[in-house]
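Trainee: Could you take me closely through one part of this structure, the aromatic side chains, and explain how they are arranged with respect to each other?

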Amino acid sequence: MIRNAIVPTVLAATALAASPAIAAEIQVQATGPVIELVVDEQVEVEPDTVTISAGVTNQAQTAQEALSQNSTQMQGVIDRLKSLGIPERDIQTTRINLGARFDYDQQTQQQVFRGYQASNQVSVKLRDTEEVGAVLDALVKAGANDINGPSFSVSDDTGPKAEARKRALERARSMALDYARVAGYSNVRVLQISESVQGSAREYSADAIRVTGSRIGGAPPVQAGMVETGVTVSVTYEAVN
């Protein structure tokens with residue numbers, strides 16, 4: 001957006017010293033047309049972290065039996081994860097459910113009690129994207145029958161975000177110059193910059209994997225692909241000659 005105005009812009013700077021931080025105010029005035037731009041820039045990054053959800057769901061006639069069987073089977077899944085070298089800090093319980101099961105009888109038009117269902121699920125973080133298929137295979141063989149994921153992400157996207165920031169500012173300046181020249185000015189100067197960071201690299205989530213048998217035939221193929229990270233930059237320019 002371009003507009004003609006005298007705009008007093010206040011920029012806050014923080015002084016870093018041994019004493020408490022002191023905010024300084026800098027007055028910037030624009031006498032020429034003001035150009036306000038919002039630029040979103042994304043960069044692709046190879047993921048280095050994978051998150052999967054694995055658990056056990058089973059059924060029994062009593063609540064105690066369902067929970068007991070589920071707990072025994074789930075402990076086997078957790079033990080298998082640890083045997084693969086996955087540290088405890090990367091294994092987190094995310095859901096435990098126990099509830100009654102009912103079917104609807106069309107003839108009697110009534111709910112019929114069928115027993116209880118228990119489920120327990122953990123979130124597992126893997127630091128090597130090439131391990132996913134083998135880990136999924138091992139989990140199913142250990143008794144997991146409720147698996148979701150994988151979700152790929154980047155543990156540290158500081159560098160890619162810096163690259164996105166650089167590209168965003170370059171694109172913003174190029175766009176501002178186009179506006180300024182159309183309006184009869186030869187250059188622009190920056191009045192204000194603000195940034196909205198979009199968190200860590202966006203995760204890519206594959207469709208949920210639902211396993212109903214006790215094992216599958218071999219490790220499933222998993223492609224890590226790329227994930228995106230970026231910034232949104234708001235820049236205000238003044239058109240000048």
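Mentor: What follows is a close look at the aromatic rings, with a short note on surface charge at the end. Please keep in mind that this is a predicted model. The structure holds 2 aromatic pairs. In one of them, Phe102 and Phe113 meet edge-to-face, with 5.7 Å from centre to centre and 65° between the planes. Phe102 belongs to strand β6 (residues 91–105) and Phe113 to strand β7 (residues 110–126), so this pair ties together parts that are 11 residues apart in sequence. Phe113 also forms an aromatic pair with Tyr116, which is again edge-to-face, at 5.4 Å centre to centre and with 70° between the planes. Taken together, Phe102, Phe113 and Tyr116 make up one aromatic cluster.

As for how far these residues are covered, Phe102 counts as partly exposed because its relative accessibility is 48%, and Phe113 is likewise partly exposed, with a relative accessible area of 38%. Tyr116, at 25% relative accessibility, counts as partly exposed too, since the term buried is kept for values under 20%.

Turning to the surface charge, Glu46, Asp48, Asp128, Glu130, Glu131 and Asp156 gather there in a patch of negative charge. One of these residues, Asp156, is placed in the loop between β8 (146–153) and α3 (158–182), and Asp156 counts as exposed because its relative accessibility is 51%, where the cut-off for exposed is over 50%.

Conventions. Residues are numbered from 1 along each chain as its sequence is written. This is a predicted model: local features need pLDDT of at least 70, side-chain atom pairs count only at pLDDT 80 or more; totals for chains, interfaces and linings use all residues. Side-chain values use heavy atoms; hydrogens and water are left out. Patches are made of residues with over 30% relative accessible area and no salt bridge: like charges are joined within 9 Å, nonpolar side chains (Val, Leu, Ile, Met, Phe, Trp, Tyr) within 5 Å. Accessible areas come from the Shrake-Rupley method with a 1.4 Å probe; for residues, only the protein chains shown count as cover. A salt bridge is a side-chain nitrogen of Lys or Arg within 4 Å of a carboxyl oxygen of Asp or Glu. Lys and Arg count as positive and Asp and Glu as negative; His and the chain ends are not counted. The place of a charge is taken as NZ of Lys, CZ of Arg, CG of Asp or CD of Glu. Helices (H or I, at least four residues) and strands (E, at least two) are DSSP runs, numbered from the N terminus. Buried means under 20% relative accessible area, exposed over 50%, partly exposed in between (1.4 Å probe, protein chains only). Rings of Phe, Tyr and Trp (its six-membered ring) pair if their centres lie within 6.5 Å; planes under 30 degrees apart count as stacked, over 60 as edge-to-face and the rest as tilted.
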